[in-house]
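Ready to work through a structure by hand? Have a look at it first, then try the exercises below one at a time.

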Amino acid sequence: MARHPRSGGLGRVGIVGGGVIGLCTAYYLKKLGADPVLIESSTLGSGCSLGNGVWVVPSLATPLPAPGLTLKSLTWMRRRDSPLYIKPSALPMLAPWLMRFRTFCNDSDQKRGIAALAALNAVTMERYDEVAADGVSFECYESGLLMAFRESDRAAAAQKEVKLVAGARAAACRELDETELYEHEPMLRPGFRFGLFVGGGRYVRPESLTAGLASSLRASGVEIHEGVTATGFRSERDRVTAIVTSKGDLDVDAVVLAAGAHTGTLSRMAGWPIPLTAGKGYSVTIEQPTTQLRQPLYLGGVKIGLSPFNGTLRFVGTMELSGINRRMDAARIRSLRRQVSLAVDIPEASEGGRAWVGMRPIVPDSLPVIGKLPSRENAYVNTGHQMLGITLAPSSACALAGLMLEGKAGVGLEAFSARRF
Ligand SMILES: Cc1cc2nc3c(=O)[nH]c(=O)nc-3n(C[C@H](O)[C@H](O)[C@H](O)COP(=O)(O)OP(=O)(O)OC[C@H]3O[C@@H](n4cnc5c(N)ncnc54)[C@H](O)[C@@H]3O)c2cc1C
């Protein structure tokens, strides 16, 4: 691949991965004066960032390990219709990861994780506004989130969690009685008794966000290679000098690994293994549904989210640990459809629409990994955003670009350091 003239500052930064994280990283690096070059093994935005749930709700940002989740309860999650599912045949391979995950299932790690995510999230809306003001166009809606529950204990647990995260902003979460709940969303089927309305959020259509970022990068002259896979690195002493790819070597002055669930393999090649696995999620997207929701809806008991877009309805759910692969389990999709049909009056839910599976990148403490790889002077990482990648993409990317180009991230990144592995 051709080598372009070296620009000032950091020079040519190779970014591996063209999901929402890689695209935002390229965007902020370019904005701060670097010369990013993006390589994507498939097409931009076609990985986990494509068919997901799209809520940008900082007050729902929690780590996944929670007090009370024991190894035993994790291994019980073998029912294929369970919202959290661990594929039994994958258990031996996942065991070391699960053991590490379990060590974070306590109060103090949960509080530490919530505080770290809250600090990164403090600038989320500001960053989204900045990206939009710079002319990146994407489908974005200002809207609160409605949570509906049949059982009071689930409603109470969700409320406790939201209040834990919202902290001083607890007013953002309002309890609804049954009447108010159905006034908010008449499409709910009978049987729901408790509601929560979480204000101050937005939701975006992810494919429009990645397309908007891609066209903005192209318009500003960023070099983009689709259909090119990174397979290794060339290094001199402790510096990466080139990314080895399926189409030849790409000379770089620095590299950022942002390849979603595949980043662990690449970081190992760069001398610093990161224990990433995939938390697979499924969605169904219905074009021109016969009925439409009034706002995003979360079905608390079954952990399913529904998002109304312009002319489209999407529902998403499930967290499946079955290794790093995009195999779609038909039983999981059937279960997703059935649960939605039981809860909401959407005629197409049971068989219409387009099914999709995506791999959320997750490390055992489920906090993002943002910063320098300790093994190389000029290798960085931006990954591990679990269920929060759309929410956190602009703030993570801006922080990393600031760190790389100006030596300051503008937000504490200690909790996200790759050194913790
Ligand atoms: C069902 C579901 C619902 C979700 N809901 C929400 C939500 O409501 N709010 C929210 O904030 N987040 C949500 N998420 C999470 C969010 O989608 C992810 O955190 C985010 O998309 C991760 O982005 P990424 O760029 O890290 O990974 P990806 O989008 O997977 O991008 C990584 C890219 O790297 C490429 N790649 C991999 N290996 C290589 C290689 N060797 N060389 C070159 N390229 C490579 C891949 O092809 C891929 O395009 C949801 C996820 C799912 C699955």
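**Exercise 1. Work out how helix H5 sits against H11.**

Let's start with the geometry, keeping in mind that this is a predicted model. Helix H5 covers residues 124-133, and its axis runs 8 Å from that of H11, at an angle of about 85°. Angles of 65 to 115 degrees count as roughly perpendicular, so H5 is roughly perpendicular to H11.

Next, find who touches whom. H5 brings Thr124, Arg127, Tyr128 and Val131, and these meet Thr391, Leu392, Pro394, Ser395 and Cys398 of H11. Sort the residues of this contact by class and you get 5 nonpolar, 3 polar and 1 charged.

**Exercise 2. Find out where the ligand lies relative to the two domains.**

Step one is to split up the protein chain. Domain 1 is made of 12-49 + 207-275 + 365-420, while domain 2 is made of 55-102 + 141-202 + 277-362. Their centres, taken over C-alpha atoms, are 28 Å apart. Where the domains touch, domain 1 puts in 18 residues and domain 2 puts in 17. On the domain 1 side of that contact, the tally is 7 nonpolar, 10 polar and 1 charged.

Step two is to look around the ligand. It is surrounded by 39 residues, and the closest are Gly19, Gly47, Gly260, Gly281 and Gly389. At least two residues of the shell come from each of these elements: helix H1 (20-31), strand E2 (35-40), strand E15 (277-287), strand E19 (354-362) and helix H11 (389-406). By class, the shell holds 16 nonpolar, 21 polar and 2 charged residues.

Now put the two steps together. Both domain 1 and domain 2 give residues to the shell, so the ligand lies between them.

**Exercise 3. Sketch the sheet that contains E11, E12 and E13, and mark its edges.**

Begin with a general reminder: strands of a sheet pair through backbone hydrogen bonds, in either a parallel or an antiparallel way.

Here, draw 3 strands in the order E11-E12-E13, with antiparallel pairing, as an open sheet. Strand E11 (230-236) and strand E13 (248-251) go at the edges; each has a single partner strand, so one side of each is left without a neighbour in the sheet. Give your sketch a twist, too: from one strand to the next it averages 30°.

Finally, zoom in on one pair. Strand E12 (residues 239-245) joins E13 in the antiparallel sense over 4 bridges. Which residue of E13 is the bridge partner of Ile243? Leu250 is that partner.

Note on methods
Residues numbered from 1 in each chain as written. Predicted model: local features only at pLDDT ≥ 70, side-chain atom pairs only at ≥ 80, totals over all residues. Near = placed C-beta within 6 Å. Nonpolar A, V, L, I, M, F, W, Y, C, P; charged D, E, K, R; others polar. Domains from an automatic or database assignment. Pairing = 2+ DSSP bridges. Axes fitted to C-alpha atoms, helices over the stretch in contact; angles between N-to-C directions. Parallel < 35°, antiparallel > 145°, perpendicular 65-115°, else oblique. Contact = placed C-beta atoms within 7 Å.
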